[in-house]
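Here is a short briefing to read alongside the structure. Have the sequence at hand as you go through the points.

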Amino acid sequence: MAIKKQNTKLPLKQIIKRCSSLGRKQNQHHPSSYSSADVPKGHFAVYVGENRTRYVVPITFLSYPEFQELLRLAEEEFGFDHDMGLTIPCDEVVFESLTSMLRS
């Protein structure tokens with residue numbers, strides 16, 4: 001089921017409002033026990049929220065403007081050149097809601 005263009009504007013505005021900067025926490029880091037071997041082909045891992053919860057998402061998400069906006073926020077907040085993995089500054093509940101919408 002494709003997402004209609006007119007319906008994507010409202011969720012994107014809500015995501016931007018709710019995905020406020022979480023900042024870096026000194027006691028938080030991504031688990032080093034994960035490797036690229038546990039990521040299925042056609043997917044990639046991201047770390048979300050204050051607890052840096054790991055999610056494995058399909059690369060097809062990269063084509064959605066909503067996900068691209070999350071990546072833009074991640075670049076502004078953390079940059080892409082660091083050892084923490086791809087970290088998205090967004091509440092886990094909001095991220096799960098967005099990815100659920102993109103999967104349908």
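Arg72 and Glu76 are about one helical turn apart, because they sit four residues from each other in helix α2. Their side chains meet in a salt bridge, with N and O at 2.1 Å. Please keep in mind that this is a predicted model.

**The network in helix α2**
- Arg72 also forms a salt bridge with Glu69, where the closest N and O atoms are 2.3 Å apart.
- Glu69 and Arg72 are both in helix α2, three residues apart, again about one turn of the helix.
- Salt bridges with shared partners join Glu69, Arg72 and Glu76 into one network.
- Exposure varies along this network: Glu69 is buried at 14% relative accessible area, Arg72 is partly exposed at 35%, and Glu76 is exposed at 57%.

**A salt bridge between distant parts of the chain**
- The count of salt bridges comes to three, and one of them pairs Asp38 with Arg54, with the closest N and O atoms 3.2 Å apart.
- Asp38 lies in the loop between α1 (5–18) and β1 (43–48), while Arg54 belongs to strand β2 (residues 53–58), 16 residues apart.
- Asp38 is partly exposed, with a relative accessible area of 37%, whereas Arg54 is buried, with 19%.

**How α2 meets α3**
- The axes of helix α2 (residues 65–78) and helix α3 (residues 92–103) come within 10 Å and cross at roughly 150°.
- From α2, Glu66, Phe67 and Leu70 meet Phe95, Leu98, Met101 and Leu102 of α3.
- The residues of this contact divide into six nonpolar, one charged and no polar.

Notes. Residues numbered from 1 in each chain as written. Predicted model: local features only at pLDDT ≥ 70, side-chain atom pairs only at ≥ 80, totals over all residues. Heavy atoms only, no water. Axes fitted to C-alpha atoms, helices over the stretch in contact; angles between N-to-C directions. Helix = DSSP H or I, 4+ residues; strand = E, 2+ residues; numbered from the N terminus. Contact = heavy atoms within 4.5 Å. Nonpolar A, V, L, I, M, F, W, Y, C, P; charged D, E, K, R; others polar. Salt bridge = Lys/Arg side-chain N within 4 Å of Asp/Glu carboxyl O. Buried < 20%, exposed > 50% of the residue type's maximum accessible area, 1.4 Å probe, protein only.
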